[in-house]
Amino acid sequence: MDSFATYESDFELAITEAKTKLSQLANADAQARKTLLKGIESACDEAHEVLDQMGIEIQNLPTSQRSTYNTKLRQYRKDVEDTKSKLDHEVSTQDRHELFGSRYRDSEDDATDDQRRQLLQNNSSLERSSQRLQDSQRIALETERIGSGILNDLTYQRDQISGARNTLSQAESYVDRSVSTLKSMGRRLVANKFISYAIIAVLILLIFLVLASKFW
């Protein structure tokens, strides 16, 4: 699924960015740590957004295909939660340092470079978020189009069923009239048989009378 693969790529970029910044915290000064912590938080938030988009994509898949993708999604969520847990620990450490007056020496040039890198990374994150928003809108429009098509199909099928029901009712009426006609014909046939038998009996009786009159 192309869209899911694209989101996977975005997720890898975001989570890798967060992990890379986590590894840089140990050697960073005070100002750099603050910048890195903000960058890690931003990357984790971005990773969460990407996972939400993955979840939307998975819901549009056939049920038989969802299991594999859901397994991936759960693993990705665990990866993000682990990274966020490490971030929370580092933030707590940073707060303790600030509370007890610990300070890190840094130069103005380093702070400026960190800020510039942070701005570039934030801009990249915004671009990826914008792309995901466009993808979400595309998915919503496609889902709406599919839903409209399904609704039209259901309406057409309902009309067909109604027509078939009417045809069946007419056929049932014809069958009832046919059965009634057959019963009437049957009764007439029986009556005609009795009339025929009566005529034959009268003829035989007349024959006997004629013969009897000749011999007497």
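Helices here are DSSP runs of at least four residues, and strands are runs of at least two. By that count, the chain in this predicted model has four helices and zero strands. Reading from the N terminus, the elements simply go α-α-α-α.

So what sits inside? Buried residues account for 25% of the 216 residues in the chain. The largest nonpolar core has 16 residues, and Phe11, Leu51, Met54 and Val80 are the ones touching the most other members. Helix 1 (2-24), helix 2 (30-59) and helix 3 (63-99) each chip in at least two residues of this core. Leu51 gives a good look at the packing: leaving aside residues up to four places away in sequence, Leu51 touches Phe11, Leu73, Tyr76, Arg77 and Val80. Apart from the largest core there is another one, made of 11 residues, including Leu22, Ala32, Leu37 and Leu87. As for contacts between residues at least 6 apart in sequence, 81% of them link residues at least 24 apart.

Now for the outside. The chain's accessible surface adds up to about 15,500 Å², with 57% of that belonging to carbon and sulfur atoms. Part of the surface is a nonpolar patch formed by Val190, Phe194, Tyr197, Ile200, Ile204, Ile207, Phe208, Leu211 and Phe215, which together have about 1,000 Å² of accessible area. Leu211 belongs to helix 4 (residues 108-215). This residue counts as partly exposed because its relative accessible area is 40%, and that label covers values between 20% and 50%.

Finally, an unreviewed UniProt entry lists residues 194-213 as a "transmembrane region". In the model, residues 194-213 are 100% helix and 0% strand, with the end C-alpha atoms 28 Å apart.

Technical notes: Residues are numbered from 1 along each chain as its sequence is written. This is a predicted model: local features need pLDDT of at least 70, side-chain atom pairs count only at pLDDT 80 or more; totals for chains, interfaces and linings use all residues. Side-chain values use heavy atoms; hydrogens and water are left out. UniProt positions are given in the numbering used here, feature names are shortened, and annotations may be inferred rather than shown by experiment. A nonpolar core is a set of buried Ala, Val, Leu, Ile, Met, Phe, Trp, Tyr and Cys residues joined through side-chain atoms within 4.5 Å. Buried means under 20% relative accessible area, exposed over 50%, partly exposed in between (1.4 Å probe, protein chains only). Contact means heavy atoms within 4.5 Å. Patches are made of residues with over 30% relative accessible area and no salt bridge: like charges are joined within 9 Å, nonpolar side chains (Val, Leu, Ile, Met, Phe, Trp, Tyr) within 5 Å. Accessible areas come from the Shrake-Rupley method with a 1.4 Å probe; for residues, only the protein chains shown count as cover. A salt bridge is a side-chain nitrogen of Lys or Arg within 4 Å of a carboxyl oxygen of Asp or Glu.
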